[in-house]
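Let's take a walk through this fold, from the overall picture down to a single helix. Have the viewer open and follow along.

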Amino acid sequence: MDAIRIQKLTKYYGKARGITDLDLTVEKGEFFGFIGPNGAGKSTTVRTLLGLVMPSGGSAQIFGNDIVKDRNAILRITGYLPSEALFYPGMKVKEVLRLSARLRKTDCAGEAEELCERLQLDSSRKISELSFGNRKKTAIVCALQHRPKLLILDEPTSGLDPLMQREFFSILQKRNREGVTIFLSSHVLSEIQSNCGRAAIIREGRIVACDSVDMLSHTSAKRITVQGSVALDGLDGIFDRRETDGVVSFLYSGDMDSLLRTLAQGRISDLSISEPSLEEIFMHYYEKDGERI
């Protein structure tokens with residue numbers, strides 16, 4: 001059974017686009033990445049899957065449960081970490097964790113204590129006294145303490161320092177090895193590349209690519225960096241062009257013979273050809289008419 005199956009899922013806010021005709025499948029036990037900048041539709045997708053907003057069209061199932069008809073069943077087996085979490089400011093962290101556990105009718109005391117220790121979270125402090133990073137840690141414990149079958153994480157590392165980010169992903173990797181499905185929504189490409197087996201790229205509310213991270217990273221395009229003077233106009237296959245102080249850098253997916261003939265007509269003092277990064281490939285999906293969007 002698939003952990004997540006989405007068919008033509010659509011959400012509009014009045015006339016404003018949220019997501020349009022999303023088709024996506026996440027297999028049970030996957031560590032899956034969902035990539036896109038702010039405004040691409042990542043959070044709308046997550047909130048629609050969890051029944052926090054109603055879809056305008058299409059359908060989706062989580063472990064066979066319909067996101068509209070079976071919302072309560074889905075919430076029982078899912079841990080959700082929003083990009084921004086709000087709590088009652090007068091409560092202590094341990095009170096928030098106990099409340100979250102009681103809502104799920106589960107004794108999570110032992111798991112909560114272990115997670116607080118690993119994340120260096122003082123559960124005796126009031127929410128109003130916490131930094132943004134410690135509020136994020138509180139939200140992490142709330143999402144993980146009941147050991148859900150599926151974790152849906154929306155921009156989970158904002159506010160965490162690098163050491164806590166490393167510890168957080170160590171926890172997630174262990175859970176994933178134990179069979180937990182993880183759906184990681186992020187615009188931090190290094191997180192996706194380091195942790196996910198497959199990923200989907202969303203742009204303007206639509207999925208524009210979905211494949212293994214290795215395949216998304218693999219491309220025939222090369223990063224070309226040229227120092228000197230050369231006329232590149234009319235050469236097909238150039239994108240992500242940058243020019244600074246006599247140095248031209250661009251991604252090139254065209255015919256290599258054509259590139260070499262063009263370069264041979266210029267005055268080149270230095271030339272390098274390298275593999276592009278995942279971030280550079282990702283940005284290719286966010287270009288329209290030569291400009292990033």
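Among contacts between residues at least 6 apart in sequence, what percentage join residues at least 24 apart? For this protein the figure is 68%.

## The overall picture

Keep in mind that this is a predicted model. The protein has 293 residues, and 46% of them count as buried. Its secondary structure adds up to 10 helices and 16 strands.

As for dimensions, the C-alpha trace spans about 75 × 40 × 35 Å along its principal axes. About 14,900 Å² of the protein is exposed, with carbon and sulfur atoms supplying 47% of that area.

## Two nonpolar cores

The largest nonpolar core takes in 41 residues. If you want to find its best-connected members, look for Val141, Leu144, Leu153, Phe168 and Leu172, which touch the most other members. Helix α5, running over residues 132–144, is the top contributor to this core, giving 6 residues.

Leu153 is a handy place to zoom in. Leaving aside residues up to four places away in sequence, Leu153 touches Leu81, Phe168, Leu172, Ile182, Phe183, Leu184 and Ser185. Apart from this core lies another one, made of 25 residues and including Ile19, Leu24, Phe34 and Phe63.

## Helix α9 and its two faces

Now jump to helix α9, residues 256–264. Which residues of this helix are buried? They are Leu259, Thr262 and Leu263. These three sit on the same side of α9, because they cover an arc of only 95 degrees around the axis. The general rule behind such spacing is that an α-helix has 3.6 residues a turn, so residues three or four places apart point the same way.

What do the buried residues of α9 pack against? Their partners are β11 (222–229), β13 (247–252) and β14. Turn to the face pointing away from the buried side, and you'll meet the exposed residues Arg261 and Ala264.

## A nonpolar patch on the surface

Strand β14 covers residues 267–274, and Leu271 has its place there. Is Leu271 buried, partly exposed or exposed? Its relative accessibility is 38%, so Leu271 counts as partly exposed; the partly exposed class lies between the 20% and 50% cut-offs.

Leu271 also has company: together with Ile268 and Ile273 it forms a nonpolar patch on the surface. The three residues have about 230 Å² of accessible area together. So β14 turns up twice on this tour, as a packing partner for the buried residues of α9 and as the strand that holds Leu271.

How values were computed. Residues are numbered from 1 along each chain as its sequence is written. This is a predicted model: local features need pLDDT of at least 70, side-chain atom pairs count only at pLDDT 80 or more; totals for chains, interfaces and linings use all residues. Side-chain values use heavy atoms; hydrogens and water are left out. A nonpolar core is a set of buried Ala, Val, Leu, Ile, Met, Phe, Trp, Tyr and Cys residues joined through side-chain atoms within 4.5 Å. Buried means under 20% relative accessible area, exposed over 50%, partly exposed in between (1.4 Å probe, protein chains only). Helices (H or I, at least four residues) and strands (E, at least two) are DSSP runs, numbered from the N terminus. Contact means heavy atoms within 4.5 Å. Patches are made of residues with over 30% relative accessible area and no salt bridge: like charges are joined within 9 Å, nonpolar side chains (Val, Leu, Ile, Met, Phe, Trp, Tyr) within 5 Å. Accessible areas come from the Shrake-Rupley method with a 1.4 Å probe; for residues, only the protein chains shown count as cover. A salt bridge is a side-chain nitrogen of Lys or Arg within 4 Å of a carboxyl oxygen of Asp or Glu. The arc is that of the directions from the helix axis to the C-beta atoms.
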